[in-house]
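Here are a few exercises to work through with the structure open beside you. Try each one yourself before you read the solution.

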Amino acid sequence: MAPREGSASFDIVISGASFAGLALACGLAQALGDQFRIALIDRGVGPGASVGRDSRASALSAASKRMLEVLGAWPLITTEAQPVARIEITDSSLEAAVRPVLLTYDNVIADGEPATYIVPNGVLHEALRAVVSPVPSITWIASAEARDFTTDELEARVSLADGTELAAALLVAAEGRRSRLREAAGIKVVGWSYPQIGIVTTVRHERPHEARAVQHFLPSGPFAILPLKGNRACITWTEDAGEARRILALDDEGFLAEVEKRFGGKLGVATLDGPRQSWPLETHLARRYVGHRFALVGDAAHGVHPLAGQGLNLAFRDVAALIEVVSDAVRLGFDPGDAQALERYERWRRFDSVVSAAAFDGLNRLFASDLTLLRSAREFGLGVVDRIPVLKRFFVGEAAGVTGELPRLLKGEAI
Ligand SMILES: Cc1cc2nc3c(=O)[nH]c(=O)nc-3n(C[C@H](O)[C@H](O)[C@H](O)COP(=O)(O)OP(=O)(O)OC[C@H]3O[C@@H](n4cnc5c(N)ncnc54)[C@H](O)[C@@H]3O)c2cc1C
């Protein structure tokens with residue numbers, strides 16, 4: 001492509017170097033080879049600098065793990081990745097003296113592989129940064145904010161806050177929930193916020209968790225105990241916004257007392273092992289995932305309630321699908337921003353994320369209620385699933401991300 005005067009020219013520009021942007025840059029570089037130049041821009045720090053602490057740990061599906069293996073990031077993660085062997089689900093009020101387990105299942109897929117792994121976000125981020133930074137075809141531009149872009153028949157031109165302009169055949173926004181380039185593209189978002197806040201912290205506990213993840217459905221929202229390496233767990237807890245603000249303002253002793261009230265006694269005494277952090281919760285869906293020479297991936301395209309731990313897995317599905325359609329197009333002689341390839345990407349990904357967002361929103365509404373009738377219906381539903389192995393296998397397959405039309409990377413195949 002002939003560069004315009006005053007603008008640096010690339011084949012692909014990705015705005016946002018977090019989970020989705022890093023994985024996309026790495027996968028595209030692998031698929032397209034060194035002659036394809038990729039720019040990765042982020043308003044945060046570049047390679048080599050340390051990123052701010054994220055207390056969250058993510059439940060990564062077996063399919064996401066397969067993609068990370070192909071990208072070369074998994075070997076850097078594996079010592080910190082806790083496989084989840086078993087899942088327990090309870091549904092009771094906060095005051096209940098005992099929390100009967102309503103549904104329990106082995107969290108493994110056909111070949112005995114765990115369906116999910118709990119990985120600290122900081123470890124995942126560092127691993128992706130480590131595989132991207134030495135790639136010669138990727139130019140990482142740190143402390144750079146994308147502000148706006150224009151397109152014509154041949155290229156997209158993105159302007160940065162410092163006045164620099166970058167040109168490329170394809171521009172991808174991997175900018176998270178508040179995507180500036182999505183707005184600049186005029187792509188509207190449908191969505192709603194929840195009157196809930198997500199609280200995250202890490203605890204150390206007395207007894208081993210035996211690779212068991214627990215989801216307590218409480219009336220104000222789910223309280224998930226996600227096992228980490230060692231006798232530790234990441235707590236991902238959804239709470240009514242007012243109550244969450246009160247709890248977050250408590251000192252460590254008061255905060256721990258609130259954690260313990262929900263934690264249950266199975267793992268013995270718990271102590272805090274990390275800072276507390278909080279996130280506002282929302283569901284949002286972009287009305288389109290692509291525009292002229294433009295595509296959205298990850299939270300820039302969709303945001304889902306974290307109760308099922310699938311936001312990042314959906315982001316990796318986008319990444320794997322976009323890498324596949326773009327590299328297929330390039331191999332057929334088209335350029336990376338080919339309109340038909342982008343339409344294929346949108347068809348592939350939008351339906352799946354709309355269905356997922358609706359399902360997680362529905363689950364949150366169904367469980368965040370203390371109405372006796374709803375409680376009985378839930379108990380009946382969970383009891384039915386508990387007794388029917390084929391239904392359990394279905395849920396495990398969904399969590400593992402191995403159902404539906406999978407992009408090659410999610411099957412562990414190189415592009
Ligand atoms: C409490 C909580 C728990 C969760 N737990 C799970 C879980 O267990 N499993 C799971 O799969 N998902 C989980 N998620 C969801 C998951 O964290 C997100 O889906 C994921 O972080 C999205 O990654 P992303 O790369 O799309 O965006 P982000 O991580 O938001 O990254 C966006 C990047 O873009 C950069 N950026 C933004 N705008 C610009 C700009 N204009 N110019 C330059 N750079 C820009 C930012 O600096 C940032 O680096 C959870 C979410 C929450 C809130």
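**Exercise 1. Find which helices and strands supply at least two residues each to the shell around the ligand.**

Keep in mind that you're looking at a predicted model. Start with the helices: α1 (19-32) and α7 (311-331) each give at least two residues to the shell around the ligand. Then look at the strands, where β4 (57-61) does so too.

Next, zoom in on single residues. The shell holds 29 residues, and those that come nearest are Ser 18, Asp 42, Ala 146, Asp 299 and Leu 312. Sorted by class, the shell has eleven nonpolar, ten polar and eight charged residues.

**Exercise 2. Work out which atoms of Ser 18, Ala 146 and Gly 311 pair with the ligand, and how much of the ligand the protein covers.**

Step one: take Ser 18, where a side-chain N or O atom sits 2.8 Å from an oxygen atom of the ligand. Step two: move to Ala 146, which uses a backbone N or O atom, 2.9 Å from a ligand nitrogen. Step three: at Gly 311, a polar backbone atom is 3.3 Å from a nitrogen atom of the ligand.

Last step: on its own the ligand has 1000 Å² of accessible area, and the protein covers 89% of that.

**Exercise 3. Decide whether strand β17 is enclosed or open, and trace its partners.**

Begin with burial. β17 spans residues 232-240, and seven of its nine residues are buried, so the strand is largely enclosed by the rest of the structure.

Now for the partners. β14 (residues 189-205) runs antiparallel to β17, with nine bridges joining them. One pairing to look for is Thr 202 with Cys 234 of β17. β16 (residues 221-228) is also antiparallel to β17, joined by six bridges. Here you can spot Ala 224 opposite Thr 236 of β17.

Finish at the turn: β16 and β17 make a hairpin with three residues between them. In that turn, Gly 230 has a positive phi of about 80 degrees.

**Exercise 4. Are Cys 26 and Cys 234 buried or exposed, and how many disulfides are there?**

First, the cut-off: a residue counts as buried under 20% relative accessible area. Cys 26 is at 3%, so it's buried. Cys 234 comes out at 0%, so it's buried as well.

Then the bonds. A disulfide is a covalent bond between the sulfur atoms of two cysteines. To count one, you need a pair of cysteine sulfur atoms within 2.5 Å. By that rule, the count is zero disulfides.

How values were computed. Residues are numbered from 1 along each chain as its sequence is written. This is a predicted model: local features need pLDDT of at least 70, side-chain atom pairs count only at pLDDT 80 or more; totals for chains, interfaces and linings use all residues. Side-chain values use heavy atoms; hydrogens and water are left out. Buried means under 20% relative accessible area, exposed over 50%, partly exposed in between (1.4 Å probe, protein chains only). A residue is near a molecule or strand if one of its heavy atoms lies within 4 Å of it. A polar contact is a pair of N or O atoms within 3.5 Å; within protein, one must be able to donate a hydrogen and the other to accept it, and residues adjacent in sequence count only if both atoms are side-chain atoms. Accessible areas come from the Shrake-Rupley method with a 1.4 Å probe; for residues, only the protein chains shown count as cover. Helices (H or I, at least four residues) and strands (E, at least two) are DSSP runs, numbered from the N terminus. Ala, Val, Leu, Ile, Met, Phe, Trp, Tyr, Cys and Pro count as nonpolar, Asp, Glu, Lys and Arg as charged, and the others, Gly among them, as polar. Two strands pair if DSSP finds at least two bridges between them.
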